[in-house]
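Q: I would like to learn how to read a few features of a protein model. Could we go through them together, starting with a helix?

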Amino acid sequence: MKTVWEKYNEADMKACFEFNEGYRKYISECKTERECTLEAIRIAKENGFVDLEDVLKAGKKLNPGDKVYVNNRDKNLCLFVMGKQPLTAGMNILGAHIDSPRLDLKQKPVYEDHDLVLFDTHYYGGVKKYQWVALPMALHGVVCKKDGTKVNIVIGEKDTDPVVGISDLLIHLSGDQMQKTGAKVVEGEDLNVLVGSIPAKDTEKDAVKTAVLNLLKETYDIEEDDFISAELEIVPAGAARDYGLDRSMIIGYGHDDRVCAYTSLMATLEVSEPERTSCCILVDKEEVGSIGATGMQSRFFENAIAEMIALTEEYSDLKLRRTLANSKMLSSDVSAAFDPNYPGVNEMKNTAFFGRGICFNKYTGSRGKGGCNDANPEFIAELRKVMADADVQFQTAELGRVDQGGGGTIAYILANLNMDVIDAGIAVQNMHAPWEVVSKGDVYEGYRGYKAFLKKM
Ligand code: MN
Ligand code: MN
């Protein structure tokens with residue numbers, strides 16, 4: 001049996017497609033790490049999770065079966081379902097990232113050029129810049145004002161909203177441009193977003209800029225200086241869609257890695273009173289190296305575990321270390337799906353294919369496995385058993401041919417805490433393009449695989 005489609009009966013097909021409806025909605029509405037975090041918290045609360053802060057404030061203890069979450073700055077979230085065994089026995093951890101490549105507004109973004117007003121951007125993550133032009137784009141994010149208030153902005157998602165975008169040179173005048181290499185066809189400083197063209201009346205200098213700023217003042221009560229303390233992201237506008245005449249796939253922005261975040265979250269919601277504590281990490285900043293307070297290298301995770309140990313028994317540093325070392329983790333991140341248009345970058349025996357289930361990558365990295373977390377075979381053998389017992393279809397893959405390129409995930413960071421970790425995710429076509437593609441079958445098997453791991457590992 002090659003693909004899940006051959007395995008699924010009518011009821012499986014129905015369950016698979018229904019699950020994917022929830023996912024399609026989630027990525028259509030959540031296009032920033034903040035939106036992903038806040039929506040995940042809303043869903044978690046509906047499913048009985050409470051804020052760890054509230055447990056602390058109430059002076060309560062944590063007991064088996066309790067469901068708690070830790071919110072780090074609205075950009076990074078950990079959910080826990082407390083196990084029957086003590087934390088020091090280790091946790092079963094799923095970790096996915098919720099930041100995706102995009103264009104961030106600079107701190108001083110607004111300028112006028114020949115009666116057009118533009119926002120200057122700095123791209124975030126690894127992008128082929130030429131893919132991000134000539135598309136309808138939306139503006140998502142927050143503006144934090146001096147008075148302590150925060151303004152949420154989402155423009156370009158409703159049918160009645162305007163969209164913005166970045167121009168590309170017309171083919172008629174692209175003689176010079178077409179001679180450039182792909183890396184230089186569209187350059188970083190040319191990713192400027194056109195946002196307006198009507199001048200303010202009776203204004204001498206920068207009349208169009210004045211008009212756009214007036215509009216922002218009226219609508220959001222923000223001033224030009226407020227961009228200094230803003231986090232505004234330019235992302236592809238519009239909802240994720242069914243892809244393929246048979247609707248077997250989804251095209252959407254930010255599958256990397258919200259497809260693993262959503263499936264991990266849904267799997268976690270279905271756990272109750274597990275043997276080992278279940279943990280789901282949704283983390284920021286993976287696309288730029290996992291650094292910063294909301295990235296995986298931050299101490300937030302260890303701090304959260306320390307707080308939880310203190311809420312179950314007498315705290316000690318040794319207990320924290322034991323908890324981490326005895327934990328097991330699936331670093332849930334996307335794989336590269338085989339693309340018939342570009343078969344040459346793969347080695348076919350070790351390539352991920354659409355529809356063949358959740359994908360385990362023993363190692364990522366580049367060149368001679370540089371920078372990889374090479375998972376231990378003892379751990380992989382345990383996983384094979386868990387997947388087989390739950391009838392979850394999986395495949396194994398590398399990220400491309402040897403020496404073709406490579407990539408990394410958060411796997412090595414948790415492995416540095418001395419736990420067993422393997423990359424386990426869902427295959428994606430067009431990775432890091434404005435619109436990426438996944439197979440619904442893989443999304444569903446990913447969710448089933450994560451659930452089996454939390455319950456049975
Ligand atoms: Mn990723
Ligand atoms: Mn990525």
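A: Gladly! A helix has an expected span, namely 1.5 Å times one less than its number of residues. Keep in mind that we are looking at a predicted model.

Q: What span should the 13 residues of helix α10 have?

A: Helix α10 covers residues 377-389, so it should span 18 Å, and its end C-alpha atoms are indeed 18 Å apart, in agreement.

Q: Which residues of α10 are buried?

A: Buried means under 20% relative accessible area. In α10 that applies to F379, L383, V386 and M387. Viewed down the helix axis, the buried residues fall within an arc of 95°, so they line one face of α10.

Q: Which exposed residues does the face turned away from the buried side of α10 carry?

A: There you will find E378, R384, K385, A388 and D389.

Q: And what do the buried residues of α10 pack against?

A: Their partners are the strands β14 (328-331), β16 (358-361), β18 (394-396) and β20 (420-425), together with helix α12 (440-456). After α10 comes D391, with a positive phi near 55°.

Q: Let's turn to a metal site. Which protein donors does the manganese ion (ligand 2) have?

A: Donors are N, O and S atoms within 2.8 Å of the metal. For this ion they are D256 (OD), E287 (OE), E287 (OE) and H432 (NE2), at 2.1 to 2.6 Å. Along the chain, the donors follow the spacing D-x30-E-x144-H.

Q: How far apart are the manganese ion (ligand 2) and the manganese ion (ligand 1)?

A: The two ions are separated by 3.3 Å, and D256 coordinates both. The pair D256 and E287 links distant parts of the chain: D256 sits in helix α7 (residues 255-269), while E287 is in the loop between β13 (277-283) and α8 (300-310), 31 residues apart.

Q: Are D256 and E287 buried or exposed?

A: D256 has a relative accessible area of 3%, so it counts as buried. E287, at 14%, is buried too.

Q: Let's finish with V208. Where does it lie, in which helix?

A: V208 belongs to helix α6 (residues 207-220). With 1% relative accessibility, V208 counts as buried.

Q: What is V208 in contact with, leaving aside neighbours within four places in sequence?

A: Contact means heavy atoms within 4.5 Å. By that rule, V208 touches E112, D115, V117, G196, S197, I198, P199 and A200. You can also look at H114: it is 94 residues from V208 along the chain, and their C-alpha atoms are 9.4 Å apart.

Note on methods:
Residues are numbered from 1 along each chain as its sequence is written. Chains are lettered from A and ligands numbered from 1 in the order in which they are written. This is a predicted model: local features need pLDDT of at least 70, side-chain atom pairs count only at pLDDT 80 or more; totals for chains, interfaces and linings use all residues. Side-chain values use heavy atoms; hydrogens and water are left out. Donors are N, O and S atoms within 2.8 Å of the metal (3.2 Å for Na, K and Ca); water is not among the atoms, so sites may look incomplete. Helices (H or I, at least four residues) and strands (E, at least two) are DSSP runs, numbered from the N terminus. Buried means under 20% relative accessible area, exposed over 50%, partly exposed in between (1.4 Å probe, protein chains only). The arc is that of the directions from the helix axis to the C-beta atoms.
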